[in-house]
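Please look at the sequence and the model below, and keep both at hand while you read this report.

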Amino acid sequence: MIPNQWYVVMDSEQVKDRPVGVTRMGEKLVFWRDDTGKVSCLRDKCVHRGVQLSKGTVINGYLQCPFHGLEYDTSGRVKRIPANGKNAPVPERFKVHGYLTYEDHGFIWVWWGEEPPADLKPPRFFDDLDDSFSYGRAYDPWDAHYSRVIENQLDVVHLPFVHHNTIGRGGRTLVDGPLVQWVADDAFYVYVFNRRDDGTPPRRPEELSKPVDGFRLEFIFPNLWQNHISEQTRVVAAFVPVDEAHTVLYLRFYQNLVRLPLLRELFNWLSMPFNLLVAHQDRRVVVTQRPKPSGLRIGEKLIQGDRPIVEYRRRRQELIEEATAPPTPA
Ligand code: FES
Ligand SMILES: [Fe+2]
């Protein structure tokens with residue numbers, strides 16, 4: 001994990017009026033909403049005697065532990081200990097760790113790391129996905145480290161092999177470039193120039209120019225990706241880390257071609273089996289990669305076409321080092 005980042009961890013529709021217990025980043029967490037609808041993410045362990053809070057209920061805007069009824073607010077502070085009487089003050093130490101949350105675009109993010117800075121910016125999303133778009137979605141579990149799942153979605157070399165009968169049809173095995181363009185210090189685009197092998201060598205990224213429009217891959221650190229298929233159709237994925245060996249792929253197909261309600265929902269729903277079929281072609285090979293987590297120096301022999309993966313690894317390493325560097329003395 002890269003510390004001090006906003007991670008997409010849930011879809012808004014997964015958290016309704018009951019607490020939900022999930023593992024994210026190797027930790028058991030409970031997600032719930034208070035009576036204003038604000039989403040809260042707490043460590044899923046009651047400070048009293050260790051019961052899972054996700055087995056409790058939400059009452060009067062508080063999360064109530066199922067064992068002895070302690071009530072928590074959205075920050076994780078205990079507001080009431082029923083056995084002590086309703087007028088008894090609650091000691092400060094009755095507090096479970098809570099994560100800062102952010103919700104937009106139907107996703108829930110948590111701030112993972114140290115105390116967030118006062119000028120913390122909200123997480124970045126794909127700002128060209130406006131309200132004209134609707135989407136279908138699926139949650140797909142992978143027995144893989146999230147870094148490997150991300151790298152797979154940045155991998156242009158695998159297309160004619162893994163997807164020979166779907167999105168990689170046509171035998172375009174030769175990889176020109178690809179071209180990687182950084183658009184912010186936490187986001188880059190990948191332009192793909194695969195072609196049939198005519199005996200000429202692959203062109204180097206410097207020999208290529210960025211296409212005016214159309215297909216590209218977009219990645220936002222730490223765990224969001226968009227396949228910009230066209231102005232009107234996209235696939236978005238969030239790579240949600242469960243633990244060191246498991247990831248859930250939150251997959252969405254966005255489009256604004258069909259806008260009539262119902263018809264649009266049907267169209268979006270029908271798109272998902274194909275998108276999942278493609279994802280499962282990837283999953284079949286990615287789960288076999290060793291070592292499980294990716295890294296800069298893991299002994300792999302990379303080639304020119306792996307450029308996006310190298311860029312991802314380099315920046316990921318830098319971000320990890322920035323977040324874990326000891327503070328410089330004043
Ligand atoms: S364990 Fe939660 S109230 Fe006792
Ligand atoms: Fe793939």
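## An open sheet

In this predicted model, strands β2 and β3 (residues 27-33) pair in the antiparallel sense over five bridges, where pairing requires that DSSP finds at least two bridges between two strands. Within this pair, G21 stands opposite V30 of β3. Strands and helices are DSSP runs numbered from the N terminus, a strand being E with at least two residues and a helix being H or I with at least four.

Four strands make up an open sheet in the order β2-β3-β4-β9, with antiparallel pairing. Its edge strands, β2 (20-24) and β9 (98-99), each pair on one side only.

## How the model is read

Residues are numbered from 1 along each chain as its sequence is written, while chains are lettered from A and ligands numbered from 1 in the order in which they are written. Local features need pLDDT of at least 70 and side-chain atom pairs count only at pLDDT 80 or more, whereas totals for chains, interfaces and linings use all residues, and side-chain values use heavy atoms, with hydrogens and water left out.

## The iron site

Which residues coordinate the iron ion (ligand 2)? The donor atoms are NE2 of H158, NE2 of H163 and two OD atoms of D282, at 1.9 to 2.6 Å; donors are N, O and S atoms within 2.8 Å of the metal (3.2 Å for Na, K and Ca), and sites may look incomplete because water is not among the atoms. H158 lies in the loop between α1 (146-153) and α2 (159-162) and D282 in helix α3 (residues 263-286), so this pair ties together parts that are 124 residues apart in sequence.

H158 is buried, with a relative accessible area of 11%, and D282 is buried too, at 3%. Here buried means under 20% relative accessible area, exposed means over 50%, and partly exposed lies in between (1.4 Å probe, protein chains only). Helix α1 is mostly covered, since eight of its eight residues are buried.

## An enclosed strand

Five of the five residues of strand β16 (residues 224-228) are buried, so β16 is largely enclosed by the rest of the structure. On one side the buried residues are L224, Q226 and H228, and on the other W225 and N227.

Strand β15 (residues 216-220) runs antiparallel to β16 and is joined to it by five bridges, with a hairpin of three residues connecting the two. Five bridges also join β16 to the antiparallel strand β17 (residues 233-243), and here the hairpin has four residues between the strands. N227 is the bridge partner of L217 and also stands opposite V235 in β17.
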